[in-house]
Amino acid sequence: MFYLAIRSLVCLEKGLYNTRPLQRIVADQVDEKLLGAVAAAYRQGRRLFVVTTNLDAQRPVLWNMGAIADSRRPQALELFRKVLVASASVPGAFDPVFIDAEANGHHFKEMHVDGGTAYPLFAVPVRLLAATGQVAGQHGGQIYIIINNNLEPEFAVTKPKTLTIVARSFNTLVKSDFYDTIFDSYLFAKERGFGFNLAYIPNTFRTKSVGLVDQKYMLALFDLGHRQGVRGGEWKRVPPRLYR
């Protein structure tokens, strides 16, 4: 399972920034050819899931992207693109994405934002498993979790300014949320006999991002990931809290 977070710099609207540049990137990259490839993989038994948050219902929504691609419906490509944009739309910072829905004969538009708002990590969906028991009999295999963030506590003097305090508090909340979900996934893996593999940005990575999109930061981060991938053996076998 891979989690891809894409952020874009744009102008003021419903969120602090709108997602039109991101929509253009997604529209350029996600075409009928790609949709066909995803559909073919789906028919071979491979699964691609994307999580968004339905703010109206206050719940995470798990989208089976392969099923959407293979549906052959006229609106499949548009929906596929919308889900990708919604999954990267941090609420408040970026515009939400409105997705057409129907229930009890009524048509309406659901407001969807980043899936991390309701469910920070879809590696082992503990809440979904508790509700459905769909994988109750499955054992063995490997779980790989890649986090595009730092997970370990890092000391930094917080300036006594409102926005700085809010930003630092939000960062702390996000880390705490990730800790809990990753630890749940770790316990699930141990119980089921799965191998647990975790990768994230270490505290030793010192390049800082300036603004919402910083090419220097992104290139440095890419180089870090590439070096770790080439070396191999960089996976953490336990969550951060267990070896600190």
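Is F196 buried or exposed? In this predicted model, F196 has a relative accessible area of 6% and is buried, and the residue offers a convenient point of entry to the aromatic contacts, from which one can then turn to the charged pairs.

The structure holds five aromatic pairs. One of them joins Y186 and F196, whose ring centres lie 5.2 Å apart with the planes at 80°, so the arrangement is edge-to-face, since planes over 60 degrees apart are classed in that way. Y186 belongs to helix 6, which spans residues 162-192, while F196 sits in strand 6, which spans residues 195-201, so that this contact ties together parts ten residues apart in sequence. Like its partner F196, with its relative accessible area of 6%, Y186 counts as buried, in this case at 11% relative accessibility; both values fall under the 20% limit that defines a buried residue. The pair is also part of a wider grouping, because F183, Y186 and F196 form one aromatic cluster.

From the rings we turn to the charged side chains. Side chains of opposite charge can pair when their charged atoms come close. In this model the count comes to three salt bridges, and each can be taken in turn.

Which side chain meets R43 in a salt bridge? The partner is D70, with a distance of 2.4 Å from N to O. R43 lies in helix 2 (residues 32-43), whereas D70 is found in the loop between helix 3 (65-69) and helix 4 (76-87), so the salt bridge ties together parts that are 27 residues apart in sequence. D70 has a relative accessibility of 21% and therefore counts as partly exposed, given that the buried class ends under 20%.

A second salt bridge is found within helix 4, where E78 pairs with K82. The closest N and O atoms of E78 and K82 are 3.6 Å apart, which is within the 4 Å that the assignment requires. The two residues are four apart in helix 4, so about one helical turn separates them. Both E78, at 47% relative accessibility, and K82, with a relative accessible area of 22%, are partly exposed.

The remaining salt bridge brings together the side chains of K109 and D100, at 2.6 Å from N to O. Here D100 counts as exposed, because its relative accessibility of 54% lies over the 50% limit for that class.

Notes:
Residues numbered from 1 in each chain as written. Predicted model: local features only at pLDDT ≥ 70, side-chain atom pairs only at ≥ 80, totals over all residues. Heavy atoms only, no water. Buried < 20%, exposed > 50% of the residue type's maximum accessible area, 1.4 Å probe, protein only. Phe/Tyr/Trp six-rings, centres within 6.5 Å; stacked < 30°, edge-to-face > 60°.
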